[in-house]
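Student: I would like to learn how to read helices, loops, backbone angles and a pocket from a coordinate file. Can we go through one example?

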Amino acid sequence: MRIAAFQRLALFDSVDKVGKLLARDLAWADAQGIDLALFPECYLQGHSYNEAIARRRALSLDDPALIALVDRFPQGRTTAIIGFFERRGEAIYNSAMVVRTGRIVGVYAKAHPLESGCTPGTDFPVWPLADWRFGINICADLRYPYTASRLARKGAGLICNPVNLMLRPHKAEKWHKPGISSLQTCARHSGCWVISADVVGGNDDGWLSYGSSAIVDPNGVVVAKAKPHSEDILVVDLPDQPPERGFNRKASMIAT
């Protein structure tokens, strides 16, 4: 199975533009034989810790605009994971949608959101792809070893970790390397491959992200790492069969 992490410039309140960029990237991925493409946390509308902003940006899965946007994606072999703020009734979630052949086939909601006003998710679904199964943890979920363990025990051999490490400058510097270390610890703890996709750039408040996208094997070896401060794409061919797994380590802390 061929997987790809897309490290992309953070955009805010530009859903139509991001949709066009996603369609471009997924067309490229399909041409490259990518089976699974991972995009950053809250990539679709832009991340925020402010409840009012997140609530304004949130979209429901049955929103006609979201359905029309996804319908414009290439309907090839590539399954995409795209981070977004999701609305369910009056509740909002920090979620990641799973998109395949022009439709949303599933969603995962962050179990441990740091974003104000976001409701914690309670489900840990896994999806089949080729001879593999994959699940999703979002950013701070990696603090809690059980989130990866539950996926592995359901048969996931790959954990997909959309992140958005856009922080105040001193925190961005502090957490850049530990962000990668958290992926390594998660891999060793769960016995799974781990893939992460981050944003780069800054926002109007002066926050910035170096970009911490990486792909890590079950032994904790970083087999691909994105260039800092720039957009990048990481592509790795996984083995034919998922790894055997064990559960013997705790995940490290990540940025807050």
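Tutor: We will take the helices, then some loop residues, then the pocket. Keep in mind that this is a predicted model.

Student: Let us begin with α1. How many residues has α1, and what does α1 reach from its first C-alpha to its last?

Tutor: A helix can be checked by setting its end-to-end reach against the span expected from its residue count. Helix α1 runs over residues 15–31, which is 17 residues. From first C-alpha to last, α1 reaches 24 Å, close to the 24 Å expected at 1.5 Å a residue.

Student: Which residues of α1 are buried?

Tutor: Burial is read from relative accessible area, with under 20% as the cut-off for buried and over 50% for exposed. In α1 the buried residues are V18, G19, L22, D25, L26 and A29. Viewed down the axis of α1, these buried residues fall within an arc of 130°, so they line one face of the helix. D16, K20 and A31 are exposed on the other side of α1.

Student: What covers the buried residues of α1?

Tutor: The cover includes strands β1 (2–9), β2 (36–38) and β3 (79–88), together with helix α3 (64–71).

Student: Does α3 read in a similar way? Which residues of α3 are buried?

Tutor: The buried residues of α3 are L66, L69 and V70. Down the axis of α3 they fall within an arc of 95°, so these residues too line one face of their helix. They pack against α1, β3, β4 (91–100) and β5 (103–109).

Student: And which are the buried residues of α4?

Tutor: Helix α4 covers residues 145–153, and T147, A148, S149, L151 and A152 are its buried residues.

Student: What follows α1 and α4 in the chain?

Tutor: A glycine in each case. After α1 comes G33, with a positive phi near 75°. After α4 comes G155, with a positive phi near 100°.

Student: Where is a positive phi found in a residue other than glycine?

Tutor: Most residues other than glycine have a negative phi, so a positive value is worth noting. One case is D13, with phi near 55°. D13 sits in the loop between β1 and α1 and, at 43% relative accessibility, counts as partly exposed. Another case is A130, whose phi is also near 55°. The loop that holds A130 joins β6 (126–129) and β7 (132–136), and A130 counts as exposed at 62% relative accessibility.

Student: Is a loop residue such as T78 buried or exposed?

Tutor: Being in a loop does not settle the matter; the accessible area has to be read. T78 lies in the loop between α3 and β3, yet T78 is buried, with a relative accessible area of 7%. Leaving aside neighbours within four places in sequence, T78 is in contact with L26, A29, D30, I34, D35, A37 and V99. Two of these, L26 and A29, are among the buried residues of α1. T78 and G33 are 45 residues apart in sequence, but their C-alpha atoms are 7.5 Å apart in space.

Student: Where is N164 found, and what is N164 in contact with?

Tutor: N164 is in the loop between β8 (158–162) and α5 (169–190). At 5% relative accessibility, N164 counts as buried. Beyond its neighbours within four places in sequence, N164 is in contact with E41, H47, C139, D198 and V199. N164 and G46 are 118 residues apart in sequence and 9.4 Å apart from C-alpha to C-alpha.

Student: How does L61 count by relative accessibility?

Tutor: L61 counts as partly exposed, at 32% relative accessibility. L61 is in the loop between α2 (51–57) and α3. Its contacts, leaving aside neighbours within four places in sequence, are L66, I67, F84, E86, I104 and V107. The C-alpha atoms of L61 and E86 are separated by 7.3 Å, with the two positions 25 residues apart along the chain counted as their separation.

Student: Last, the largest pocket. How much space lies in the largest pocket, and which residues lie nearest its centre?

Tutor: A pocket is read by its volume and by the residues that line it. The largest pocket holds about 310 Å³ of space. Its lining has 14 residues, and F12, H47, S48, N203 and D205 lie nearest the centre. By type, the lining divides into five nonpolar, six polar and three charged residues. H47 is also one of the contacts of N164.

Definitions and conventions: Residues numbered from 1 in each chain as written. Predicted model: local features only at pLDDT ≥ 70, side-chain atom pairs only at ≥ 80, totals over all residues. Heavy atoms only, no water. Helix = DSSP H or I, 4+ residues; strand = E, 2+ residues; numbered from the N terminus. Expected span 1.5 Å × (residues − 1). Buried < 20%, exposed > 50% of the residue type's maximum accessible area, 1.4 Å probe, protein only. Arc of directions from axis to C-beta. Contact = heavy atoms within 4.5 Å. 1 Å grid on protein atoms, 1.4 Å probe; cavity = no way out; pocket = protein on both sides within 12 Å on 5 of 7 lines; lining within 4 Å. Points joined across faces, edges and corners; volume = space filled by probe spheres on them. Nonpolar A, V, L, I, M, F, W, Y, C, P; charged D, E, K, R; others polar.
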